Amino acid sequence: MSLFLDIVQLKKSYPTKDGEAVIVEGFDLKMDAGEFVCLIGHSGCGKSTVLSMLAGLNDITDGNALVGGREVRGAGPDRGVVFQAPCLLPWLSARENVMIGVDQVYAHGTAQERLEIAEYYLARVGLDDAMDKRPAELSLGMQQRVGLARAFALAPRMLLLDEPFGMLDSLTRNELQDVLLELWQRDRKTALMVTHDVDEALFLADRVVMMTNGPRARVGKILDVTLPRPRDRAKIIEYPGYYPLRSVLISFLEEQENARDDTRSKAA
Amino acid sequence: MSRKARVIHGCEVAGLDVFVPVVRLLSGEEPSRQIAEFGRSVGIPLLALGVFLLVWAGVASQIETSIGRVPGPAAVWEQGKALVGDHYAERTKEAQFYERMEGLKEKYAEEGRPWKDRRYSGKPTFLDQVGTSLATVFAGFVIASVVAVPIGILCGLSPTFYAAMNPLIQIFKPVSPLAWLPIVMIMVSALYTAENPFFEKSFISSAVTVALCSLWPTLINTAVGVASVEKDHLNVARVLQLSRFSTVRKIVIPSALPFIFTGLRLSLGVGWMVLIAAEMLAQNPGLGKFVWDMFQNGSSQTLAQIMVAVFTIGIIGSLLDRMMITLQNAVSYDVRSS
């Protein structure tokens with residue numbers, strides 16, 4: 001396995017009138033090519049901030065992030081991003097929403113080839129019959145399928161997923177996790193996904209990176225998910241290792257919660 | 001979508017919401033509710049109109065003016081028919097004139113005398129004036145849109161450009177058409193000096209005045225629409241590394257389109273109102289001139305004729321608005337996209 005993502009002492013801060021507000025500081029993470037890592041932590045801890053810095057949508061205050069040996073400077077289609085909200089363009093059909101990216105990335109291909117790429121990925125996420133529909137005609141789950149198809153169709157070198165299933169009900173979330181896992185298993189793109197769902201992290205990831213609570217959030221603990229692949233939702237909870245792994249995550253999150261309560265009661 | 005749903009959607013986009021209950025009724029959906037719905041959307045307005053006409057008739061008969069009694073609805077209706085009748089009478093006369101000319105032309109040709117074409121010089125009728133006004137307002141509207149949309153887009157994209165434009169917008173926006181008109185007329189006389197002008201000077205100055213007064217709503221709405229493009233949508237452009245031009249063309253403009261059309265609708269409404277005033281003051285042909293001419297006539301028909309013009313102006317204005325609502329619905333993606 002070769003090193004693909006190298007984050008060194010990443011920092012994000014905003015100037016405020018009371019001085020510098022440090023969201024993330026001293027964040028280190030290395031990922032191998034083809035690895036699936038979930039970033040977990042309490043809401044507001046800064047995990048989405050880390051992701052959007054890697055996506056180039058948020059400036060890096062200090063530190064370094066190398067993706068495939070190249071330093072992150074601004075956004076680019078080499079990193080496919082799936083946002084929490086589907087972020088589809090409401091005046092375009094599902095197909096056109098995927099095409100707008102494909103046209104940009106495969107500018108040298110023929111129109112027919114580009115159309116085939118877009119339709120292939122839409123079919124892969126189960127939207128064969130909904131390609132002509134506009135976002136308003138699709139359920140949230142279907143919209144997020146389009147979001148996945150759009151990200152994969154770019155043939156990015158890395159996937160960045162920012163709580164992509166956070167807004168979905170649990171049944172739809174399970175369906176989409178399966179869709180994502182199937183797409184990922186096919187070409188093993190390096191993927192970093194932010195979530196606060198423990199079971200989602202265990203189902204998808206090779207490693208789970210736990211973040212401490214902000215301010216000055218950083219990596220607290222890293223858990224190797226030793227569960228075999230391909231993973232089956234029904235069987236995964238029967239593996240003897242599952243619950244011990246799950247309790248590591250839960251107790252870390254509880255510790256963080258308690259630490260936060262402590263600082264609050266001290267402040268009060 | 002079922003056929004019924006398509007028909008209903010079509011009605012809504014076309015702004016014919018009134019007929020939605022009819023469609024539902026014909027398909028046998030909850031008849032009593034649809035009849036009540038139709039009664040509310042058609043019956044009540046008709047009733048209100050009836051009450052208005054009765055009050056008008058009652059009040060009008062009580063008022064005596066220097067040029068006779070104020071006409072009631074019936075007299076105005078008669079006058080309306082008379083004006084339309086005049087139009088066709090005038091057209092018949094015109095046709096007869098050209099027929100006579102044809103005859104004369106042949107006769108001249110037989111006798112070997114030189115022939116010069118002559119144009120019919122009858123005065124424009126009420127309907128001609130309506131046509132002129134419509135042509136003028138559309139010309140002004142097109143000029144306004146061509147100017148306002150691009151400037152609005154630039155204002156929305158660049159806060160610096162907006163800061164530069166803002167004082168000009170603030171100063172010129174409230175200026176009345178009556179103040180612009182003399183300047184425009186003098187400028188048009190000075191600058192528009194074609195030998196055989198395709199457009200009349202008066203037409204150009206009316207249209208330019210309309211444009212000057214009506215471009216502001218479009219400009220401001222476009223700027224707001226462009227500036228309020230969702231950040232998520234712009235992030236899509238950033239991830240895809242769309243060029244600045246592509247971002248504007250593929251993301252910013254489509255997303256601002258509903259705003260732009262709201263602005264255009266307001267502009268056309270303002271333009272129509274301004275036009276009547278401009279025509280009246282400038283003696284440019286059109287409905288405004290018609291009203292002014294009738295006022296100067298001071299005949300016993302004057303009031304009825306002007307009232308016909310008032311209703312015509314009102315009805316055309318609301319039809320133009322209806323038309324723009326339909327366009328607005330057709331381009332809006334979130335409000336009625338289904």
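**Exercise 1.** Work out how many residues chain B and chain A each bring to their contact.

*Solution.* Chain B puts in 16 residues and chain A puts in 22 residues, where contact means heavy atoms within 4.5 Å. Keep in mind that this is a predicted model: local features need pLDDT of at least 70, side-chain atom pairs count only at pLDDT 80 or more, and totals for chains, interfaces and linings use all residues. Residues are numbered from 1 along each chain as its sequence is written, chains are lettered from A in the order in which they are written, and side-chain values use heavy atoms, with hydrogens and water left out.

**Exercise 2.** Find how much area chain B and chain A bury between them, and which three residues of chain B supply the most.

*Solution.* Start with the total: about 1800 Å², with 69% of it on carbon and sulfur atoms. Buried area here is the accessible area (1.4 Å probe) that two parts lose on being put together, summed over both. Next, split chain B's side: B:V239, B:L240 and B:Y333 supply 33% of the area that chain B buries against chain A, more than any other three residues.

**Exercise 3.** Count the salt bridges between chain B and chain A.

*Solution.* Look for a side-chain nitrogen of Lys or Arg within 4 Å of a carboxyl oxygen of Asp or Glu. The count comes to 0 salt bridges.

**Exercise 4.** Decide whether B:A256 is buried or exposed.

*Solution.* First, place B:A256: helix α10 of chain B, helices being DSSP runs (H or I, at least four residues) numbered from the N terminus. Then check accessibility: B:A256 is at 0% relative accessibility, so B:A256 counts as buried (under 20% relative accessible area, with exposed over 50%; 1.4 Å probe, protein chains only).

Methods
Helices (H or I, at least four residues) and strands (E, at least two) are DSSP runs, numbered from the N terminus.
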